[in-house]
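Trainee: I have a new model open and would like a close look at one part of it. Please start with the whole chain, then zoom in.

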Amino acid sequence: MNWWAASRNVPTLAAITAVTAGAGLAFGQSRIPVPAMVGGAGHFLLAALITVIPAVTWLAFTGRARDATETVAVRAVHRFDTSLAAACATLALTMAVLGHFAGADAVAVAIGRNTAFYLGLALVLNPLTGARIAAPVLTAVPLVLAVGGWKSGGRGAQPWAVVLHPATSMPALLAGVAVLAAGATFSSLKPPRSAL
């Protein structure tokens, strides 16, 4: 267990998740204008962009171990990794809920939701593509959503663009948690793909 925690750099990942959530609480309402594919410009919250950082970091830390070492491990290492991602999402969601009840802006809920969403996507991508390919793909997701996730005429976000929905959107919160649960289930059943 000690070698796993050391190879995954668990304290650093927890710190990155906490700092990202804290920065989101402080600056998450900042808007970044981006051109939309369907005309007009969308408003992309900083909270939708920076919350991908814990998921990309998780992929980087889980992907740096040697495949030969992990394939002969007695324990199912990929299940530990899944638990670590779920713990990071829980940390972000807890900080978001506490921030919301402490009087932080409504963006607090979006920070937890978006972090859970991105970690869920990382849990799905890692077994399919491996961490080295999943990290850049996941990094592109917020940009693709920012450009193509808006309805025509600027009438809100598409239903599938979870991170673009208002912070108070209960369906978006449920979708973010559902993606995390689906990713955790998938990742715990299927080990990650070996690096090439």
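What percentage of the contacts in the protein chain with a separation of 6 or more comes from residues 24 or more positions apart? After that, please take me closely through helix α2 (10-27).

Mentor: Keep in mind that this is a predicted model. The answer to your question is 72%: that is the share of contacts with a separation of 6 or more that residues 24 or more positions apart account for.

Now the layout. The protein chain has nine helices and two strands. Read along the sequence, the order is α-α-β-β-α-α-α-α-α-α-α. The two strands therefore follow α2 in that pattern, as two helices come before them. The chain has 196 residues, and 42% of them count as buried. Its exposed area is about 9,400 Å², of which carbon and sulfur atoms supply 71%.

Start just ahead of your helix. Asn9 sits in the loop between α1 and α2. Its phi is near 50 degrees, a positive value in a residue other than glycine. Is Asn9 buried or partly exposed? Asn9 has 26% relative accessibility, so it counts as partly exposed. Burial would need a value under 20%.

Next, α2 against α6 (77-101). Two packed helices are described by the angle between their axes and the distance between the axes. For α2 and α6, the angle is about 30 degrees and the axes lie 9 Å apart. The two helices are therefore roughly parallel to each other, since the cut-off for that label is under 35 degrees. Their crossing is right-handed. On the α2 side, the contact is made by Val10, Leu13, Ala14, Thr17, Ala18, Ala21, Gly22 and Leu25. On the α6 side, the residues are Leu84, Cys88, Leu91, Ala92 and Met95. By type, this contact has 11 nonpolar residues, two polar and no charged. The two polar ones are Thr17 and Gly22, because glycine is counted as polar here.

Look at Ala21, one of those α2 residues. Ala21 is in helix α2. It is buried, with a relative accessible area of 3%. Setting aside neighbours within four places in sequence, Ala21 touches Met95 and Ile111. Met95 is on the α6 list above. Ala21 also shows how the fold brings distant positions together in space: Gly99 is 78 residues away in sequence, yet the two C-alpha atoms are 9.6 Å apart.

Now turn to α2 against α4 (residues 53-62). Here the angle is about 170 degrees, and the axes are again 9 Å apart. That makes α2 roughly antiparallel to α4; the label applies to angles over 145 degrees. This crossing is right-handed too. From α2, the residues are Thr12, Leu13, Ile16, Thr17 and Thr20. They meet Ile53, Pro54, Thr57, Trp58 and Phe61 of α4. The tally is six nonpolar, four polar and no charged.

Thr17 is worth a stop. Thr17 lies in helix α2. It is listed in the contact with α6 and in the contact with α4. Why does Thr17 count as buried? Its relative accessibility is 1%, and the buried class covers values under 20%. Beyond its neighbours within four places in sequence, Thr17 is in contact with Pro54, Cys88, Leu91 and Ala92.

Finally, the α4 side of that pairing. Seven of the 10 residues of α4 are buried, so α4 is largely enclosed by the rest of the structure. The buried ones are Pro54, Ala55, Thr57, Trp58, Leu59, Phe61 and Thr62. Your helix α2 is among the elements that cover them, as are α1 (2-8), α3 (46-50), α6, α7 (107-129) and α8 (131-148). Ala55 gives a view away from α2. Ala55 is in α4 and is buried, with a relative accessible area of 1%. Outside its neighbours within four places in sequence, its contacts are Tyr118, Leu119, Ala122 and Leu138. The C-alpha atoms of Ala55 and Ala116 are separated by 8.7 Å, although the residues are 61 apart along the chain.

To recap your helix: α2 is roughly parallel to α6 and roughly antiparallel to α4. Neither contact includes a charged residue, by the tallies for α6 and for α4.

Note on methods. Residues are numbered from 1 along each chain as its sequence is written. This is a predicted model: local features need pLDDT of at least 70, side-chain atom pairs count only at pLDDT 80 or more; totals for chains, interfaces and linings use all residues. Side-chain values use heavy atoms; hydrogens and water are left out. Helices (H or I, at least four residues) and strands (E, at least two) are DSSP runs, numbered from the N terminus. Buried means under 20% relative accessible area, exposed over 50%, partly exposed in between (1.4 Å probe, protein chains only). Contact means heavy atoms within 4.5 Å. Accessible areas come from the Shrake-Rupley method with a 1.4 Å probe; for residues, only the protein chains shown count as cover. Axes are lines fitted to C-alpha atoms, for helices over the stretch in contact, and angles run from 0 to 180 degrees between N-to-C directions. Angles under 35 degrees count as roughly parallel, over 145 as roughly antiparallel, 65 to 115 as roughly perpendicular and the rest as oblique. A crossing is left-handed if the near helix is turned anticlockwise from the far one by less than a right angle, and right-handed if clockwise.
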